[in-house]
Amino acid sequence: MSTVKRVLAIGGHAADMEFSAGAAIAKYTAAGAEAVLLHLTAGEMGHPRLSGEEYAKQKIDEAHRAAKILGGEARFLPYPDAGLPRNDEVAYQVMDVIREVRPDVVITHWRGSFHSDHNNTHYNTMQALFYAALPSIKRAHPAHTPAQVFFAENWEDMDDYVPEIYLDTEDVYDRWVEAASQYELFSGSVSGFRYRDYYESLAVMRGCLAGFRRAVTLMRPAEARISYWKDLP
Ligand SMILES: [Zn+2]
């Protein structure tokens, strides 16, 4: 049984964390954890018919519905899609959420992305984790260090991504599909990318490799993969 009480997923755009790690989040909430999905932008660009403003409104509604189905809550930072900076202003806002939520597990983007918002989300989050742990930085909430940090497998973040942990997601699969389907983006009608086909196929492919029906993979920071052995294994 998981001892994780709180999970914080931090994505560049609403939908990123749900599509790539929503099944992992659903596993945690099914085991009793609380979950917060923090979207640094709404991801409001690129809709073929709606303005950015209209689509942001739709994405925010979709995010709240998806988070609820995953057993969590959605929150946002007010940055524009394709315009997320990488700086201390963002890192401090993310730090404040980390300190308030006090997650045992943080899930975010891997740095190897061709999308600058994803890449900047990774670096802002890693900086926020560093700041969140420092008691000398005085904010509204005290210092906090999550026990685990994971990077999700996102189709845009695959440069040097290593699928390190394979998590059996069959028991939460239908819930994940329902959550992801709250987004029009998932259907493939917003962008040319076939999100639903990709992430459903990925779940099957990762499941094949792991001996599960379906799976998602996660990756840890390099330092988390180091172990110290006093005795031979
Ligand atoms: Zn994205």
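Donors here are N, O and S atoms within 2.8 Å of the metal (3.2 Å for Na, K and Ca), and since water is not among the atoms, sites may look incomplete. The model is predicted, so local features need pLDDT of at least 70 and side-chain atom pairs count only at pLDDT 80 or more, while totals for chains, interfaces and linings use all residues. Residues are numbered from 1 along each chain as its sequence is written, and side-chain values use heavy atoms, with hydrogens and water left out.

Let's start at the metal. The zinc ion is held by H13 (ND1), H118 (NE2) and D16, whose OD atoms appear twice in the donor list, at 2.0 to 2.5 Å. Along the chain, these donors are spaced as H-x2-D-x101-H. D16 belongs to helix α1 (residues 16-30) and H118 to helix α4 (residues 116-132), so this pair ties together parts that are 102 residues apart in sequence. (Helices, H or I with at least four residues, and strands, E with at least two, are DSSP runs numbered from the N terminus.) As for geometry, the four donor atoms subtend angles of 56 to 142° around the zinc ion, which makes the arrangement irregular. That label is what remains when four donors are neither tetrahedral (all angles between 85 and 135 degrees) nor square planar, and six are not octahedral (for both, opposite donors over 155 degrees apart and all others between 65 and 115). D16 is buried at 8% relative accessible area, and H118 is buried too, at 0%; buried means under 20%, exposed over 50%, and partly exposed in between (1.4 Å probe, protein chains only).

Now for the sheet. Seven strands form an open sheet with mixed pairing, in the order β3-β2-β1-β4-β5-β7-β6. At its edges stand β3 (72-79) and β6 (165-168), each with a single partner strand, so one side of each has no neighbour in the sheet. Strands β1 (residues 6-13) and β4 (residues 105-109) pair in the parallel sense over four bridges, where pairing takes at least two DSSP bridges. A9 sits opposite I107 in β4.

Two helices lie across the strands. Helix α2 (residues 52-69) crosses β2 (34-41) and β3, running at about 150° to β3. Helix α3 (residues 88-101) lies across β1, β2 and β3, at about 160° to β3. Axes are lines fitted to C-alpha atoms, for helices over the stretch in contact, with angles from 0 to 180 degrees between N-to-C directions.

Finally, look at A132 in helix α4. A132 is buried, at 0% relative accessibility. Leaving out residues up to four places away in sequence, A132 touches M95, I98, R99, A143 and H144, contact being heavy atoms within 4.5 Å.
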